Amino acid sequence: MSEAVQTYGRKKTATAVAHCKRGTGLIKLNGSPLDLVQPEILKTKVYEPILLLGKERFAGVDIRIRVSGGGAVSQIYAIRQALAKALVAFYQKYVDEASKKEIKEILVAYDRTLLVADPRRCEPKKFGGPGARARYQKSYR
């Protein structure tokens, strides 16, 4: 049985599922390499877990990520969360607890959303107004 873990990352309605197994440091996103991520400005956001933990920690694993739903930005945040969670889960299951703890501490110290999902959602529109909270303008004449 190959050593593999599956984790997910979420942001708003975007969901990214990461499948992490022993390998040679390959990271694929929807079947294509990670450096083809669009939009270009947010590429560093995706690379954050890798840059924080160093390439050597990712060298022993292959990670394949599928992402769907949401917009471009929330997909980026879902991807980086799935990537970070996948490595933590893999280290916990197949490496040792100490190195997992070390990785987790580095990630949480930098940005908590790398491991913990953001629970904020879009508030539904109500009647009597154009949006969730705004009301229609009232006229006296």
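## A buried ring in helix H3

Let's start with Phe90, which is buried at a relative accessible area of just 1%. Please keep in mind throughout that this is a predicted model. Phe90 shares helix H3 with Tyr94; the two are four residues apart, about one turn of the helix. An α-helix has 3.6 residues a turn, so residues three or four places apart point the same way.

How many aromatic pairs does a search of the whole structure find? The search finds one. That pair is made by Phe90 and Tyr94, whose ring centres are 5.2 Å apart. Their planes meet at 55 degrees, so the pair is tilted; planes count as edge-to-face over 60 degrees. Unlike buried Phe90, Tyr94 is partly exposed, with a relative accessible area of 24%.

## The sheet

Next comes the sheet, which is open and has five strands in the order S1-S2-S5-S3-S4, with mixed pairing. Its edges are strand S1 (4–11) and strand S4 (32–33), each of which pairs on one side only.

Walking in from S1, we meet strand S2 (residues 14–22), which runs antiparallel to S1 and is joined to it by eight bridges. Along this pairing, Thr7 stands opposite Ala18 in S2, and Arg10 faces Thr15 in S2. S2 also pairs with S5, again in the antiparallel sense and over eight bridges; here Val17 stands opposite Arg66 in S5. The pairing of S3 with S5 is parallel, with three bridges, and Lys28 has Arg64 in S5 as its bridge partner.

## Helix H3 and the faces of S1

Helix H3 (residues 72–94) lies across S1, S2, strand S3 (27–29) and strand S5 (61–68). Relative to S1, the helix runs at about 150 degrees.

Which residues of S1 lie on its covered face, and which on its uncovered one? Val5, Thr7, Gly9 and Lys11 make up the covered face, while Ala4, Gln6, Tyr8 and Arg10 make up the uncovered one. Two of these residues also take part in arrangements of a charge over a ring. The charged end of Lys11 sits over the ring of Tyr77, 5.8 Å from its centre. In the other case the ring belongs to Tyr8, with Lys85 over its face at 4.4 Å from the ring centre.

## The S1–S2 hairpin

The hairpin of S1 and S2 has two residues between the strands, and Lys12 takes a positive phi near 55 degrees there. Thr13 also lies in the loop between S1 and S2. Is Thr13 buried or exposed? With a relative accessible area of 58%, Thr13 is exposed, because the cut-off for that label is over 50%.

Exposed as Thr13 is, it still has contacts beyond its sequence neighbours within four places: Ser68, Gly69 and Gly70. The side chain of Thr13 reaches the backbone nitrogen of Gly70 at 3.4 Å. Thr13 and Gln75 are 62 residues apart in sequence, yet their C-alpha atoms are 8.6 Å apart in space.

## Helix H1 from end to end

Helix H1 (residues 43–53) includes Lys43, and Leu53 lies in this helix too. The buried residues of H1 are Lys43, Val46, Glu48, Pro49, Ile50 and Leu53. What covers them includes S3, helix H2 (55–58), H3 and helix H4 (97–110).

Why does Lys43 count as buried? Its relative accessible area is 17%, and buried means under 20%. Leaving out residues up to four places away in sequence, Lys43 touches Asp35 and Val37.

Leu53 is buried as well, at 2% relative accessibility. Not counting residues up to four places away in sequence, Leu53 touches Phe58, Leu87, Ile103, Ile106 and Leu107. Leu53 and Gln81 are 28 residues apart in sequence and 14 Å apart in space, C-alpha to C-alpha. Just after H1 comes Gly54, which takes a positive phi of about 90 degrees.

Definitions and conventions: Residues numbered from 1 in each chain as written. Predicted model: local features only at pLDDT ≥ 70, side-chain atom pairs only at ≥ 80, totals over all residues. Heavy atoms only, no water. Pairing = 2+ DSSP bridges. Contact = heavy atoms within 4.5 Å. Axes fitted to C-alpha atoms, helices over the stretch in contact; angles between N-to-C directions. Buried < 20%, exposed > 50% of the residue type's maximum accessible area, 1.4 Å probe, protein only. Phe/Tyr/Trp six-rings, centres within 6.5 Å; stacked < 30°, edge-to-face > 60°. Lys NZ or Arg CZ within 6 Å of the ring centre and 35° of its normal. Polar contact = N/O pair within 3.5 Å; in protein donor to acceptor, adjacent residues only side chain to side chain.
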